[in-house]
Amino acid sequence: MKFLETRLSGVLEIHLEENTDERGFFARAWCEREFALHNLNPKIAQCNVSLNKRKGTLRGLHYQEAPYQEAKLVRCTRGAIYDVAVDLRRDSPTLRQWTAATLTAENRHMLYIPEGCGHGFLTLEDDSEIFYQMSEFYAPGCGRGVRWNDPAFGIAWPGEIAVISERDRTYPDFQ
């Protein structure tokens with residue numbers, strides 16, 4: 001795996017290193033040792049799948065508060081998404097900054113989002129499916145979010161928002 005730094009500390013784009021032959025390819029998509037060597041949380045407590053029927057579906061920006069803060073490893077297994085991480089860590093020099101990666105079934109890239117960062121995505125194709133590995137179990141009482149279009153972040157979403165839940169649409173601005 002290739003671990004590529006982004007402009008946010010601890011947020012990495014991860015590319016598979018494909019070993020190819022006449023059959024196709026083989027690649028590791030996760031390795032506890034390599035994640036630990038890159039100072040990434042290697043714990044996997046839960047895996048989730050999200051299917052999004054329509055292009056222009058926005059989910060986020062979500063995070064969990066302590067004591068259930070979670071790191072996420074996100075990969076698009078069908079279709080394409082614009083995946084966004086927002087730094088919400090109060091002691092971070094990049095507080096309120098964001099970074100994004102285009103994750104597709106074809107490029108097989110992943111985005112690692114550490115504890116204390118918000119996460120959201122916009123689907124770029126119909127029937128996009130996302131696979132998440134989470135470092136912590138979902139704790140509904142600690143689930144939080146900030147508004148996807150909060151001016152404090154200035155996220156440049158690459159398309160029209162066609163579908164968004166009431167909850168995601170009405171999250172408060174970041175304080």
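These legends accompany several close-up views of one predicted model.

**View 1. An open sheet built from six strands.**
Let's begin with the sheet, whose strands follow the order β1-β2-β10-β7-β12-β5. The pairing between them is antiparallel. Because β1 and β5 stand at the edges and each has a single partner strand, one side of each is left without a neighbour in the sheet. From one strand to the next, the twist averages 25 degrees. As a reminder, strands of a sheet pair through backbone hydrogen bonds, either parallel or antiparallel.

**View 2. The pairing of β5 with β12.**
Here we look at one pair of strands from that sheet. How many bridges join β5 to β12? There are seven, and the two strands run antiparallel. To find your place, look for V49, which stands opposite F131 in β12.

**View 3. Strand β11, enclosed by the rest of the structure.**
Seven of the seven residues of β11 are buried, so this strand is largely enclosed by the rest of the structure. Which residues of β11 point one way, and which the other? C117, H119, F121 and T123 point one way, while G118, G120 and L122 point the other way. The general rule is worth remembering here: in a regular strand the side chains alternate between the two faces of the sheet.

**View 4. Two partners of β11, the strands β6 and β8.**
Four bridges join β6 to β11, and these two strands run antiparallel. In this pairing, H62 stands opposite H119 in β11. Strand β8, made of residues 80–87, is joined to β11 by seven bridges and also runs antiparallel to it. A handy landmark is Y82, whose bridge partner in β11 is L122.

**View 5. The largest pocket, with a volume of about 510 Å³.**
A useful idea comes before this view: rolling a probe the size of a water molecule over the atoms shows where empty space is left. The largest pocket is lined by 30 residues, and the closest to its centre are R59, H62, K72, Y132 and R167. Which element gives the largest share of the lining? The answer is β6, with seven residues. Other elements that give two or more residues include β5 (46–52), β11 (117–123), β12 (128–134) and α2 (166–169). Sorted by type, the lining has 12 nonpolar, 11 polar and seven charged residues.

**View 6. The largest cavity, holding about 60 Å³ of space.**
How many cavities of 30 Å³ or more does a search of the whole structure find? The search finds one. Its lining includes W30, F35, N41 and K43, along with I44, Y112 and others. The strands β7 and β12 each supply at least two residues of this lining. By type, the lining of the largest cavity divides into seven nonpolar, three polar and two charged residues. K72 is a residue to watch for: it helps to line this cavity, and it is also among the residues closest to the centre of the largest pocket.

**View 7. V11 and its surroundings in the loop between β1 and β2.**
Is V11 buried or exposed? With a relative accessible area of 1%, V11 counts as buried, because buried means under 20%. Leaving out residues up to four places away in sequence, V11 touches nine listed neighbours, among them L4, A85, Y112 and C117. For a sense of scale, V11 and W30 are 19 residues apart in sequence and 16 Å apart in space, C-alpha to C-alpha.

**View 8. Two charged residues in loops, E70 and R89.**
E70 lies in the loop between β6 and β7, while R89 has its place in the loop between β8 and β9. E70 is buried, with a relative accessible area of 10%. R89 is buried as well, at 18%. Apart from neighbours within four places in sequence, E70 is in contact with Q64, I113, P114, E115, M134, S135 and E136. With the same kind of neighbours left out, R89 touches S9, T94, L95, P114, E115, G116 and C117. P114 and E115 are therefore contacts of E70 and of R89. The C-alpha atoms of R89 and E115 are separated by 8.5 Å, although these residues are 26 residues apart along the chain.

Definitions and conventions: Residues numbered from 1 in each chain as written. Predicted model: local features only at pLDDT ≥ 70, side-chain atom pairs only at ≥ 80, totals over all residues. Heavy atoms only, no water. 1 Å grid on protein atoms, 1.4 Å probe; cavity = no way out; pocket = protein on both sides within 12 Å on 5 of 7 lines; lining within 4 Å. Points joined across faces, edges and corners; volume = space filled by probe spheres on them. Buried < 20%, exposed > 50% of the residue type's maximum accessible area, 1.4 Å probe, protein only. Contact = heavy atoms within 4.5 Å. Pairing = 2+ DSSP bridges. Axes fitted to C-alpha atoms, helices over the stretch in contact; angles between N-to-C directions.
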